[in-house]
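These are my notebook entries on charged side-chain pairs, a pocket and an annotated span.

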Amino acid sequence: MKLTIVGCTGSMSGREAAASAYLLQAAGTDSNGLERTYSVILDFGPGAMGQSLKYVDPALLDGIIFSHLHADHCADIVGMQVYRRWHPQGALSQIPVLSPEDGMRRTRQIADDPVDETYQNEFEFISVKPGDRATLGPMRFEFFAAQHTIPALSIRVTGPSGINPGNDVVFTYSGDTDSCEGLIDAATGADLFLCEAAFEESRDTVRGVHLTGMRAGQVAHEAGAKELVLTHLQPWTNPEITRNDAAQNFAGMISLAAPGAVFEI
């Protein structure tokens, strides 16, 4: 699998980055026995539509998965819908959109569309909850309970390695969450753990919303993750403080998410 950071700013778009959006790709075989690359986007916040065009043709996108339905993680689905319906060379095919709660209703809210708008030609909305599983091409998705202010999921993906052909690897995306059992379960043994760390340890004391770098490092340590990538850093959050805090609890490699960064797994 290959992860490309489309957007990584927390709570809003930033000076140099779109809000949360992550492109996960893996090589697989289609129903006709032909090899191709499967592409799934995890979250699609403000600014993500335009930035995603750098990395994937929407006509080749196989699905979108939302960790939760806060606007900073899903607002640009409206841009994707318009792109798919009104493309000048013809409408693009329907793709699945997985989310906790009602993704169709949320899209209507963002777009201010009427209740009879179903987006049925562009999207197949599928509601998922902790314990559910889904398969898109060679990637197998498992959903775990996160701890946030609305229903939210952490996402564990098992798929073919882009580095060692023939081997499966595990990628975990925290979504928005504080420390919780579901997050540790999702990240257990992960080869790459993409983890939010919106809060700073000495600044943000509220619990049940986001992780700090220190708590992200502790989760990675407890889960036995191999590599940690910190993301969802708000424009006012100091990334180096966050990375240094994470390193107090996690001895493995720690990177900061940045637009266009690529991680082969």
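Entry 1, Arg203 and Asp204. I looked up the accessibility of Arg203 in this predicted model: the relative value is 32%, so I recorded Arg203 as partly exposed. For Asp204 the relative accessibility is 18%, and since buried means under 20%, I recorded Asp204 as buried. I then checked the contact between the two residues and found a salt bridge, with the closest N and O atoms 2.7 Å apart.

Entry 2, Arg243 and Glu240. I found a second salt bridge between the side chains of Arg243 and Glu240, at 2.7 Å from N to O. I located both residues in helix α7, which covers residues 239-247. Their separation is 3 residues, about one turn of the helix. I noted a relative accessibility of 25% for Arg243, which counts as partly exposed. Glu240 is partly exposed as well, with a relative accessible area of 39%.

Entry 3, Arg85 and Glu122. I next asked which parts of the chain the pair of Arg85 and Glu122 links. The two form a salt bridge whose closest N and O atoms are 3.0 Å apart. The pair links distant parts of the chain, 37 residues apart. I placed Arg85 in helix α3 (residues 77-86). Glu122 lies in the loop between α4 (103-111) and β7 (123-127). I compared this with the accessibilities: Arg85 is partly exposed at 27% relative accessible area, whereas Glu122, at 2%, counts as buried. Following shared partners, I found that salt bridges join Arg85, Glu117 and Glu122 into one network. For the whole structure I recorded 13 salt bridges. As a general note, side chains of opposite charge can pair when their charged atoms come close.

Entry 4, the largest pocket. I looked up its volume, which is about 340 Å³. The lining consists of 17 residues, and those closest to the centre of the pocket are Cys8, Thr9, Glu16, Ala17 and Leu233. I sorted the lining by class and obtained 9 nonpolar, 6 polar and 2 charged residues.

Entry 5, the annotated span. I consulted the UniProt record, an unreviewed entry, which lists residues 40-232 as "domain: Metallo-beta-lactamase". I then examined that span in the model: the C-alpha atoms at the ends of residues 40-232 lie 19 Å apart. I noted its secondary structure as 24% helix and 27% strand.

Definitions and conventions:
Residues numbered from 1 in each chain as written. Predicted model: local features only at pLDDT ≥ 70, side-chain atom pairs only at ≥ 80, totals over all residues. Heavy atoms only, no water. 1 Å grid on protein atoms, 1.4 Å probe; cavity = no way out; pocket = protein on both sides within 12 Å on 5 of 7 lines; lining within 4 Å. Points joined across faces, edges and corners; volume = space filled by probe spheres on them. Nonpolar A, V, L, I, M, F, W, Y, C, P; charged D, E, K, R; others polar. UniProt positions renumbered as here; feature names shortened; annotations may be inferred. Helix = DSSP H or I, 4+ residues; strand = E, 2+ residues; numbered from the N terminus. Salt bridge = Lys/Arg side-chain N within 4 Å of Asp/Glu carboxyl O. Buried < 20%, exposed > 50% of the residue type's maximum accessible area, 1.4 Å probe, protein only.
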